[in-house]
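Here's a set of exercises to work through with the coordinates open. Try each task before you read its solution.

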Amino acid sequence: MASTVYTFTLSGVEGNVVEVETDVLIGTPSVSIVGLGDKAIKEARERLEAAIMHANYHFPLQRVIFNLAPSDMKKTGTHFDLAMAIGLLLRTNQIKAKQIKQTGFIGELSLNSSIRPVSGILPMAMKAKEENITKLIVAKENVKESKLVKGIDVYGCNTLTEVISLLNNDSPPTIDDSLDLVDSQSSDTSLDFQDVKGQEWLINFITIAAAGGHNFLMIGPPGCGKSMIAKRIPTILPSLSEEESLEVMKIYSVANLLKNSNRMMTERPFRAPHHNASTNSIIGGGPFAKPGEISLAHHGVLFLDELGEFSRKTLDSLRQPLEDKTVTISRVWGTHTYPANFMLVGAMNPCPCGFFGQNRCKCTDYEIFKYRQKLSGPILDRMDIQKYVGMVDFFENKTKGKSSSELRKIVEQARKIQQERYKNIPLINCNAQLTPSLIQTFCQLDKESKNLLRQAAKRYYYSGRAIHKFIKIARTIADIEGEENIRISHIRKSLQSRDMEKEDQTFIGGKI
């Protein structure tokens, strides 16, 4: 009778249970692996034979068949090796194991039978808990990450022999629970908004963007502080909740970026890819449809510096994820959906040389037009706040603004109000995520505010999406001020958030 051992596979950032069925039949010695496995799985036959022999067990000189069920689900990776080796040893009665149905096996085998760590352990461990698999056997290097999931017993082994000894032992070894599973990681203390001089009005809008999760675009000449401000945004964002932390860590686990960490992520991700990055690296993709920068920035910030230098194709590929908060990557062998709920922050110059409106600018009208055309209308429409950044007199301006800790308190208080308001609505944590129907429910406007918004829309030809964004920004401003209802003063301030459209993309020396 065929033996059955449990392991897991990944579909996007979600784990799925795989039953490894093993049987030995009379016939010419061979190894067949069926069940839609990729090339790495097919190559396991050589690793299995060498590993089993080095562990002082014999590899049967018969026809060996492995079936990875369910057989209609495509599977990738090398972490099936350990489960197949244990299944074969069980089927040939070389070992016996108790509670095999409550045990999951994850690990790649080397030729000398040692167990190598693999990526994607966290979502697999979460799936094990969901399916009532109470024990997990992994490589020693994967133990810390696996233990982030509470409620399952995790055992780390260095070799196949250690796994077999563990299975044969009626009294399992004591589990080390002394690992620090929670880390209050502090952001870089060298970055503080107090270092920014003379941009109080801009920082005020940055605070609004952080409080509501709104997208933000800064346009200004080189050296005016755009990148300096953007890099300090993480210092004012609230910490990740436990649920958000696990969502982010699942993505990082699949991308093999956790580095065997046993600490929960508390600081929100901040990703800043170079403008030469390919579309696949930003959106996700490649041969195995790996998550891209927009998914790695989930629940955090994606900062695109020198926005005008990115290819238009790459920028336009952000349009759908910015609306849907997810990205679906399709390949011939499968389709994966990754979360992509991020705050987009962009910084760009007003022209190719960066000094538009000044005497040293030599850019022609065509060059300026072509440069700004990199940002299509739909992308600009999705940027909630668009502000021009002016130059600051370094020697004259000596006043210190608010520190990051002060601004963070403002943001956290506003976010707390929003979380309480939307606590019964799934997938909604901040104002920027409100759908049109929820705007009608939570963003009621009085007659005076509606008339002002109508006049602005008529004058500047704002789209319906832009109108909704003005309302959501006004809702955030009201939350910062502790107001239950949106007032006309909040609408007035929100209407000052889109300089490019309001001023017809014209400014001199960084000033409107």
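## Exercise 1: a lysine in a helix

Lysine 469 lies in helix H19 (residues 464–480); helices here are DSSP runs of H or I with at least four residues, strands are E runs of at least two, and both are numbered from the N terminus. Before starting, note that this is a predicted model: local features need pLDDT of at least 70, side-chain atom pairs count only at pLDDT 80 or more, and totals for chains, interfaces and linings use all residues. Residues are numbered from 1 along each chain as its sequence is written, and side-chain values use heavy atoms, with hydrogens and water left out.

Task: work out whether lysine 469 is buried or exposed, and find what it touches.

Solution. Start with the cut-offs: buried means under 20% relative accessible area, exposed over 50%, and partly exposed in between (1.4 Å probe, protein chains only). Lysine 469 has a relative accessible area of 7%, so it counts as buried. Next, list contacts, meaning heavy atoms within 4.5 Å. Leaving out residues up to four places away in sequence, lysine 469 touches Asp381, Arg382, Asp384 and Arg498.

## Exercise 2: a cysteine pair

Task: say how many disulfides the structure holds, and explain why cysteine 351 and cysteine 353 are not bonded.

Solution. A disulfide is a covalent bond between the sulfur atoms of two cysteines. The criterion used here is a pair of cysteine sulfur atoms within 2.5 Å. For cysteine 351, the closest cysteine sulfur is in cysteine 353, 3.6 Å away, so the pair is too far apart for a bond. The structure holds 0 disulfides. As for their surroundings, cysteine 351 is buried at 0% relative accessible area, whereas cysteine 353 is partly exposed at 29%.

## Exercise 3: a parallel sheet

Task: lay out the strand order of the open sheet that contains S10, then place isoleucine 219 in it.

Solution. First, the pairing rule: two strands pair if DSSP finds at least two bridges between them. With that, 5 strands form an open sheet in the order S11-S14-S17-S10-S18, with parallel pairing. The edges are strand S11 (270–271) and S18, each of which pairs on one side only.

Now go along the sheet. S11 and strand S14 (residues 301–304) share 2 bridges in the parallel sense, and arginine 271 has leucine 302 as its bridge partner in S14. S10 runs parallel to strand S17 (residues 343–348), joined by 4 bridges, and also parallel to strand S18 (residues 385–388), again with 4 bridges. Isoleucine 219 has methionine 348 as its bridge partner in S17 and stands opposite tyrosine 388 in S18.

Last step, the side chains. In a regular strand they alternate between the two faces of the sheet. In S10 (residues 216–219), Phe216 and Met218 point one way, Leu217 and Ile219 point the other way, and all are buried.

## Exercise 4: a helix against the sheet

Task: find which residues of helix H14 (residues 365–372) are buried, and what they pack against.

Solution. The buried residues of H14 are Ile368, Tyr371 and Arg372. They cover an arc of only 90° around the axis (taken from the directions from the helix axis to the C-beta atoms), so they sit on the same side of H14. Turned away from that buried side is a face carrying the exposed residues Tyr366, Phe369 and Lys370. The buried residues pack against S17.

## Exercise 5: nonpolar cores

Task: which residues touch the most other members of the largest nonpolar core?

Solution. A nonpolar core is a set of buried Ala, Val, Leu, Ile, Met, Phe, Trp, Tyr and Cys residues joined through side-chain atoms within 4.5 Å. The largest has 58 residues, and Leu217, Ile294 and Leu318 touch the most other members. Helix H9 (residues 242–254) gives the most to this core, with 6 residues. A second, separate core of 39 residues includes Val18, Leu48, Ala83 and Ala139.

## Exercise 6: backbone oddities

Task: what is the peptide bond from alanine 69 to proline 70, and where is proline 70 found?

Solution. That peptide bond is cis, with omega near 5°. Proline 70 is found in the loop between strand S4 (63–69) and helix H3 (81–91).
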